[in-house]
Amino acid sequence: MRQRSWKLLDILEETSRFFEAKDLENPRLQAELLLAAVLDVKRLDLYLQFERPLHTKEVDTYRDYVRQRLQRVPVQYIVGVAAFRHLELSVTPDVLIPRPETEVLVDVALEHLPAVGRALDLCCGSGAIALALKQEAAEVEVVATDISESALAVARANGERCALVVEWLCGDLFAPLEGAELFDIIASNPPYVRHGDLAGLEPEVRDHEPELALDGGEDGLDCYRRIAWAAPDFIRPGGHLLLEVGDGQSAEVESLLAEVGRFAEVQTRPDLNEVPRVVVARTSS
């Protein structure tokens, strides 16, 4: 039997209806992102090519992407890239997909960074925070650590892809930094999901993103405790520790930092949805 020929608009509309029937969010957007990746064009360029006929190989690849999405593989893992601020980053299941909320952490870091200073990204994953800081504050020296060598391999590749120089170090939090020069800023988006909540996460997260980067222990704050007590030894007097937190965790993290007794000021900044998202602590001068 002869295979049906498809025009771009027709396959987009059918896939959008299919995704909607499967209760996937933003079905049209997801259909467009997948097809743009197949055709190696920008998503908005699809609107200039609605009458374009698709080759059999393009249709077959697109169908494979659609099948993966129905298995709840995130779009970013399917196409292999994720947008973050002004960057396009490679992502694999070895790293978390960068979230828009984390862009607020970068905004706050840029507010506090001196023009020529040093910044550390703890638990760097794909390198999103470190690379955004380097791109937007070119004179700042940026160091990034992660316990996962496979995650660091993704981050290093992203550094090369973006032509941005960051020092990538493998190790558990501050372990690779003994004897290092002090930092003006330490920024981190550590694991913060309560262990008991992992099973209830959306399938895209639970089944595909790395558990190592999600599991924050019984109360979600294991990494925060370790960072809070160790960080002051690595920050210049008057420097800042910035921690992204999960929904409802800001007050607990603020209390934890106050308990340390080495921070002169602790406050929380909201994300674009007015959810308390970034806890900012200034070290004593």
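**Aromatic pairs, sheet and cores**

In this predicted model, Phe50 counts as partly exposed, because its relative accessibility is 22%; the cut-off for a buried residue is under 20%. Tyr47, with a relative accessibility of 40%, likewise counts as partly exposed. These residues offer a convenient way into the structure, which holds 2 aromatic pairs. In one of them, the ring centres of Tyr47 and Phe50 are 5.2 Å apart and the ring planes stand at 55°, so the pair is tilted. In the pair of Phe174 and Phe234, the centres lie 4.6 Å apart and the planes make an angle of 15°, so this pair is stacked. Phe174 belongs to the loop between β5 and β6, and Phe234 to the loop between α9 (222-230) and β7, so their pairing ties together parts that are 60 residues apart in sequence. Phe174 counts as buried because its relative accessibility is 6%, and Phe234 is also buried, at 11%. A further aromatic ring, that of Phe183, has a charged neighbour: Arg118 lies over its face, at 4.2 Å from the ring centre.

The next feature to follow is the sheet. Seven strands, given as 7 in the strand count, form an open sheet with mixed pairing, in the order β5-β4-β3-β6-β7-β9-β8. Its edges are β5 (167-170) and β8, each of which pairs on one side only. On average, and ignoring direction, neighbouring strands of the sheet are turned by 15° against each other. At the β8 end, β8 and β9 run antiparallel and are joined by 7 bridges. Within this pairing, Gln267 stands opposite Val280 in β9.

Helices pack on this sheet as well. One of them is α6, which touches β3 (118-122), β4, β5 and β6, and whose direction makes about 175° with that of β4. Another is α10 (residues 250-260), which touches β7, β8 and β9; the direction of α10 makes about 170° with that of β8.

What joins β8 to β9 along the chain? The two strands form a hairpin with 5 residues between them. One residue in the turn is Glu274, which has a positive phi of about 65°, although Glu274 is a residue other than glycine. Glu274 counts as exposed because its relative accessibility is 60%. A positive phi is also found at Asn26, where the value is about 45° although Asn26 is not a glycine. Asn26 sits in the loop between α1 (8-21) and α2 (27-39).

Attention now turns to the interior. As a general background, nonpolar side chains tend to be buried together in soluble globular proteins. The largest nonpolar core here has 31 residues, and the members that touch the most other members are Leu131, Leu133, Val166, Trp168, Ile185, Leu242 and Val278. At least two residues of this core come from each of β2 (87-90), α5, α6, β4 (141-146), α7 (149-162), β6 and β9. The largest share, 6 residues, is supplied by α6. A second core, separate from this one, has 28 residues and includes Ile11, Tyr65, Tyr77 and Ala151.

A closer look at Ile185 shows its surroundings in the largest core. Leaving aside residues up to four places away in sequence, Ile185 touches Ala109, His112, Leu113, Arg118, Ala119, Leu120, His240 and Leu242. Arg118, one of these contacts, is the residue that lies over the face of Phe183. Ala109, also touched by Ile185, is a buried residue of helix α5 (residues 101-112). The other buried residues of α5 are Thr102, Val104, Leu105, Val106 and Val108. Which elements do the buried residues of α5 pack against? Their partners are β1 (81-84), α6 (128-136), β6 (183-188), β7 (235-244), β8 (263-270) and β9 (276-283).

Finally, a loop residue deserves a visit. Ser126 lies in the loop between β3 and α6. Is Ser126 buried or exposed? Ser126 counts as buried, because its relative accessibility is 4%. Not counting residues up to four places away in sequence, Ser126 touches Leu89, Ser90, Val91, Val95, Leu96, Pro98, Leu131, Val154, Ala155 and Asn158. One of these contacts, Leu131, is among the residues that touch the most other members of the largest nonpolar core.

Methods:
Residues numbered from 1 in each chain as written. Predicted model: local features only at pLDDT ≥ 70, side-chain atom pairs only at ≥ 80, totals over all residues. Heavy atoms only, no water. Buried < 20%, exposed > 50% of the residue type's maximum accessible area, 1.4 Å probe, protein only. Helix = DSSP H or I, 4+ residues; strand = E, 2+ residues; numbered from the N terminus. Contact = heavy atoms within 4.5 Å. Core = buried A, V, L, I, M, F, W, Y, C linked by side-chain atoms within 4.5 Å. Pairing = 2+ DSSP bridges. Axes fitted to C-alpha atoms, helices over the stretch in contact; angles between N-to-C directions. Phe/Tyr/Trp six-rings, centres within 6.5 Å; stacked < 30°, edge-to-face > 60°. Lys NZ or Arg CZ within 6 Å of the ring centre and 35° of its normal.
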